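Got the model open in your viewer? Let's take a walk through it, one selection at a time.

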Amino acid sequence: MQRQTLLILFILLLLPDKIFAELAGSPHDFSNQNWSAGQICLPCHNVHTDVVQEDNAPLWNRTVRATSYTVYSSPTFNAVIGQPGGVSKLCLSCHDGTTAIDSTDGVNGSVFISGDARLGTAPGDHHPISFVYDTALALEDGNLNDPATTASGLGGTIAENLLSDGRVECSSCHDVHNRNDFLPFIDIGGGEDRLCLICHISEPPRGETDGL
């Protein structure tokens, strides 16, 4: 953990202009809000934070509550799914609407997310998250590409570039740091539908996931 934290600090010191430029003007840029102290990184990260550190986000600066969620359920869903975890839990620390956006550094805020970005505690009507996506699941489902061998469009395989600890998480489709300038989705070229077809052999009808 200490080594990972030092690496993050080194990157922040080495490439500050690039990191700020990627986030500037994006939906995750809160530097124009009084509670952010005019900083881009502070709403999520803080070198001197007193908040308990999260394994998936060194220098994490936000409150992560032990919230119980109503998760995705479907008779065609072949994977085993439980409560959101990993990086998805960090995303939900804003997007479930139970914790204020300005709840940072151990201080409870009062500004809550709203509109379509507020998923609530029943994100089960969205694409499922926090489940293992591996070769066995692809074979069982029949409409999924093998994540171990299928190119992600980002230089490696699905498993290498789009999964977190072998799991589908929010970050499998969404780019919180705006590195590809294509918010709210990761840009692999060809638009949003092509991203779906990296994992799905054929695109399911809107509102359905055809197994996922």
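Start with C196. This is a predicted model, and in it C196 comes out as partly exposed, because its relative accessibility is 26%. Now add C173, which holds the cysteine sulfur closest to that of C196: the gap is 6.8 Å, too far for a bond.

Next, pick C91 and C170. How many disulfides does the count come to? Zero. C91 is in no disulfide, and its nearest cysteine sulfur, that of C170, sits 4.2 Å away; the cut-off is 2.5 Å. C91 is partly exposed too, at 25% relative accessibility.

On to the rings. The whole structure has three aromatic pairs. Select Y72 and F77: their ring centres are 5.3 Å apart with the planes at 65 degrees, so this pair is edge-to-face. Y72 is buried at 12% relative accessible area, and F77 is buried at 11%.

Keep F77 and add F131. These two also pair edge-to-face, 5.5 Å centre to centre and 85 degrees between the planes. F77 lies in the loop between α2 (16–23) and α3 (86–95), while F131 is in strand β1 (residues 131–132), so the pair ties together parts 54 residues apart in sequence. F131 is buried, at 0% relative accessibility. Show Y72, F77 and F131 together and you have one aromatic cluster.

Last stop: the cavity. The count gives one cavity of 30 Å³ or more, with a volume of about 30 Å³. To see its lining, select V64, R65, T67, Y69, K89, L92, S93, D96, T98 and T99. By class, that lining has three nonpolar, four polar and three charged residues.

Key. Residues are numbered from 1 along each chain as its sequence is written. This is a predicted model: local features need pLDDT of at least 70, side-chain atom pairs count only at pLDDT 80 or more; totals for chains, interfaces and linings use all residues. Side-chain values use heavy atoms; hydrogens and water are left out. On a 1 Å grid over the protein atoms alone, a cavity is a set of points where a 1.4 Å probe fits but cannot get out, and a pocket is an open set with protein on both sides within 12 Å along at least five of seven lines; lining residues have an atom within 4 Å of a point. Grid points are joined across faces, edges and corners, and a volume is the space filled by probe spheres set on the points. Ala, Val, Leu, Ile, Met, Phe, Trp, Tyr, Cys and Pro count as nonpolar, Asp, Glu, Lys and Arg as charged, and the others, Gly among them, as polar. Buried means under 20% relative accessible area, exposed over 50%, partly exposed in between (1.4 Å probe, protein chains only). Rings of Phe, Tyr and Trp (its six-membered ring) pair if their centres lie within 6.5 Å; planes under 30 degrees apart count as stacked, over 60 as edge-to-face and the rest as tilted. Helices (H or I, at least four residues) and strands (E, at least two) are DSSP runs, numbered from the N terminus.
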